[in-house]
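Work through the exercises below with the model open beside you. Try each task before reading its solution.

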Amino acid sequence: MKVQNVELTISAVSPAQYPNEGFPEIALSGRSNVGKSSLINTLINRKGLARTSSQPGKTQTLNFYNIESELYFVDVPGYGYAKVSKKDREKWGQMIERYFSDRPVLRGVISLVDGRHEPTELDCQMIDFLHYYDLPILVCATKMDKIPRGKWNRTESQIRKKLALNPQDEIVLFSSVTKAGKEEVWNWVEKMSGI
Ligand code: GTP
Ligand code: MG
């Protein structure tokens, strides 16, 4: 898809604030700092539309990016940042549970993991949660520019195993630095959203 028009429509917390045009949605989830905002920026060829930072835990709302008035990318705040208070963690949990469990236009979730490390327990819990709600999953291993090509196959099989992925779950090895995997991610987004 050739993307020219993108806007952050709303940073939402509660369902009443979600957009209501009925466009299909693709959500992006993953731990803080894994590269969600960078992935969105790579997909839409922008450097800084989705906010990126080296400060983990910065995105605290569901950010709905309108893509060509055809679909929304939904940037979900990252999990697993130790300095977030228990109360904020609970609020986060309620917000994402409400969104993932009851959003008919949600067509799939890109679940990001850091390609340099074994997936964490929270990454595994997120996949279990997405399986529970029967949501189509694309696992995206990020920061692959840091991994030599010769290790890519092994990285992929280790992630698949640790996350206990189902055969229908897809996986892409990605880098927002080299743009590796960008086309594969777009292909999946187009297939799932039907655009
Ligand atoms: P939160 O919004 O805090 O949850 O983080 P996020 O998941 O949106 O991560 P973000 O895109 O802000 O990236 C975090 C840091 O990782 C930034 O310093 C990025 O430049 C860096 N980063 C993201 N993707 C890549 C990648 O593919 N390769 C490398 N080398 N660095 C990356
Ligand atoms: Mg972010």
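**Exercise 1. Trace the sheet from β1 inward.**
Find the bridge partner of Glu 7 in β3, then place both strands in the sheet order.

*Solution.* Start at Glu 7: its bridge partner in β3 is Asn 66. β1 and β3 pair in the antiparallel sense, over 6 bridges. Strands pair if DSSP finds at least two bridges between them. Helices (H or I, at least four residues) and strands (E, at least two) are DSSP runs, numbered from the N terminus.

Now widen the view. The open sheet has 7 strands in the order β1-β3-β4-β2-β5-β6-β7, with mixed pairing. Its edge strands, β1 (6-12) and β7 (170-173), each pair on one side only. Neighbouring strands are turned by 25 degrees against each other on average, direction ignored.

A note on conventions. Residues are numbered from 1 along each chain as its sequence is written, while chains are lettered from A and ligands numbered from 1 in the order in which they are written. The model is predicted: local features need pLDDT of at least 70, side-chain atom pairs count only at pLDDT 80 or more, and totals for chains, interfaces and linings use all residues.

**Exercise 2. Judge the confidence.**
State the mean pLDDT of the protein.

*Solution.* pLDDT is the predictor's confidence in each residue, from 0 to 100. The mean is 93, and 96% of the residues reach 70 or more. The model scores are ipTM 0.99 and pTM 0.95.

**Exercise 3. Explain why β4 is largely enclosed.**
Check strand β4 (residues 71-75) for burial, then find its partners on either side.

*Solution.* First, burial. A residue is buried if 20 or more other C-beta atoms lie within 10 Å of its own, exposed if 12 or fewer, and partly exposed in between; C-beta atoms are placed from the backbone. In β4, 5 of the 5 residues are buried, so the strand is largely enclosed by the rest of the structure.

Second, the faces. Leu 71, Phe 73 and Asp 75 point one way, Tyr 72 and Val 74 the other.

Third, the partners. β2 (residues 25-30) runs parallel to β4, joined by 4 bridges; there Ala 27 stands opposite Val 74. β3 (residues 62-67) runs antiparallel to β4, with 5 bridges; there Asn 63 stands opposite Asp 75. The β3-β4 hairpin has 3 residues between the strands, and Glu 68 takes a positive phi near 55 degrees.

**Exercise 4. Locate the core.**
Which residues have the most contacts inside the largest nonpolar core?

*Solution.* A nonpolar core is a set of buried Ala, Val, Leu, Ile, Met, Phe, Trp, Tyr and Cys residues joined through C-beta atoms within 7 Å. The largest has 40 residues; Leu 28, Phe 73, Val 74, Val 139, Cys 140 and Ala 141 have the most contacts inside it.

Take Val 139. Two residues are in contact if their C-beta atoms, placed from the backbone, lie within 7 Å. Beyond four places in sequence, the contacts of Val 139 include Ser 111, Val 113, Ile 159 and Ile 171.

**Exercise 5. Classify Val 3.**
Is Val 3 buried or partly exposed?

*Solution.* Val 3 sits in the segment before β1. Val 3 has 13 C-beta neighbours inside 10 Å, so it counts as partly exposed. Leaving aside neighbours within four places in sequence, Val 3 is in contact with Ile 44, Asn 45, Ile 67 and Glu 68. Val 3 and Ser 69 lie 66 residues apart in sequence, yet 10 Å apart in space, C-alpha to C-alpha.

Conventions: Axes fitted to C-alpha atoms, helices over the stretch in contact; angles between N-to-C directions.
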